Amino acid sequence: MSLTLTMPQTQTQTQTQTQAPAVALAPREQEALGHIAAGHTYLQTARQMGLSKHTVDAYLRRIRAKLNVHTTAELTRLAMTLGL
């Protein structure tokens, strides 16, 4: 099952825009995000998921692009907000 996120509106959006875009994260992306939010390194995450560090890095790059976040701190905050 994939997670669909509704992104919060920014202050630059007009009052008439009531719907924010929805973004879907694949299950493995969700899992990787959860590990990173728990404070695990990419290598620890890779070992726990049975992947290479490069694959975890690719997942996190895709998540950042989908969610338009730029730092691990932003990813962590988002994951905590979502309960991951």
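Start with the whole chain in view and look at its contacts: among those with a separation of 6 or more, 40% are between residues 24 or more positions apart. Keep in mind that this is a predicted model.

**Stop 1: the whole chain**

Switch to a cartoon view and follow the chain from the N terminus: the elements run β-β-α-α-α-α. That gives 4 helices and 2 strands. Now show the surface. Its accessible area comes to about 5,500 Å², and 54% of this belongs to carbon and sulfur atoms. Of the 84 residues in the chain, 35% are buried.

**Stop 2: the nonpolar core**

Hide the surface and select Leu33, Leu60, Ile63, Leu67 and Leu75. These are the residues with the most contacts inside the largest nonpolar core, which has 18 residues. Which elements give two or more residues to this core? They are strand S2 (22-25), H1, helix H2 (42-49), helix H3 (53-67) and H4. The largest share, 5 residues, comes from H3. As a general background, nonpolar side chains in soluble globular proteins tend to be buried together.

Zoom in on leucine 60. Setting aside its neighbours within four places in sequence, leucine 60 is in contact with Ala32, Ile36, Tyr42 and Leu75.

**Stop 3: helix H2**

Next, select Tyr42, Thr45, Ala46 and Met49, which are buried residues in H2. Turn the view until you look down the axis of H2: its buried residues fall within an arc of 100 degrees, so they line one face of the helix. Here is a handy rule for such views: an α-helix has 3.6 residues a turn, so residues three or four places apart point the same way.

What do the buried residues of H2 pack against? Show H1 and H3, and you will see their packing partners. Then step just past the helix to glycine 50, which follows H2 and has a positive phi, near 70 degrees.

**Stop 4: helix H4**

Move on to H4 (residues 72-82) and select its buried residues, Leu75, Thr76, Leu78 and Ala79. They lie on the same side of H4, because they cover an arc of only 165 degrees around the axis. Leu75 should look familiar: it was one of the residues with the most contacts inside the largest nonpolar core.

Now turn the helix around. Which exposed residues does the face turned away from the buried side carry? Select Ala73, Arg77, Met80 and Thr81 to see them. H4 is followed by glycine 83, and the phi of this glycine is positive, near 80 degrees.

**Stop 5: glutamate 29**

Go back to helix H1 (residues 27-37) and select glutamate 29. Is glutamate 29 buried or exposed? With a relative accessible area of 2%, glutamate 29 is buried. Show the residues around it: not counting those up to four places away in sequence, glutamate 29 touches Ala24, Tyr59, Arg62, Ile63 and Lys66.

Now look at the polar atoms of this side chain. One of them lies 2.9 Å from the backbone nitrogen of alanine 26. The side chain of glutamate 29 also makes a polar contact of 2.8 Å with the side chain of lysine 66.

**Stop 6: the salt bridges**

Side chains of opposite charge can pair when their charged atoms come close. A search of the whole structure finds 4 salt bridges.

- Select arginine 62 with glutamate 29: their side chains meet in a salt bridge of 3.1 Å, N to O. Arginine 62 lies in helix H3 and glutamate 29 in helix H1, so the pair ties together parts that are 33 residues apart in sequence. Arginine 62 is partly exposed, with a relative accessible area of 41%.
- Select arginine 28 with glutamate 31: the closest N and O atoms of this salt bridge are 3.1 Å apart. Being 3 residues apart in helix H1, the two are separated by about one helical turn. Arginine 28 is partly exposed at 31% relative accessibility, and glutamate 31 is partly exposed at 32%.
- Select arginine 61 with aspartate 57: their closest N and O atoms are 2.4 Å apart in a salt bridge. Both lie in helix H3, 4 residues apart, about one turn of the helix. Aspartate 57 is partly exposed, at 26% relative accessibility.

For the last view, select Glu29, Arg62 and Lys66 together: salt bridges that share partners join them into one network.

How values were computed. Residues are numbered from 1 along each chain as its sequence is written. Side-chain values use heavy atoms; hydrogens and water are left out. Buried means under 20% relative accessible area, exposed over 50%, partly exposed in between (1.4 Å probe, protein chains only). A polar contact is a pair of N or O atoms within 3.5 Å; within protein, one must be able to donate a hydrogen and the other to accept it, and residues adjacent in sequence count only if both atoms are side-chain atoms. Contact means heavy atoms within 4.5 Å. The arc is that of the directions from the helix axis to the C-beta atoms. A nonpolar core is a set of buried Ala, Val, Leu, Ile, Met, Phe, Trp, Tyr and Cys residues joined through side-chain atoms within 4.5 Å. Accessible areas come from the Shrake-Rupley method with a 1.4 Å probe; for residues, only the protein chains shown count as cover.
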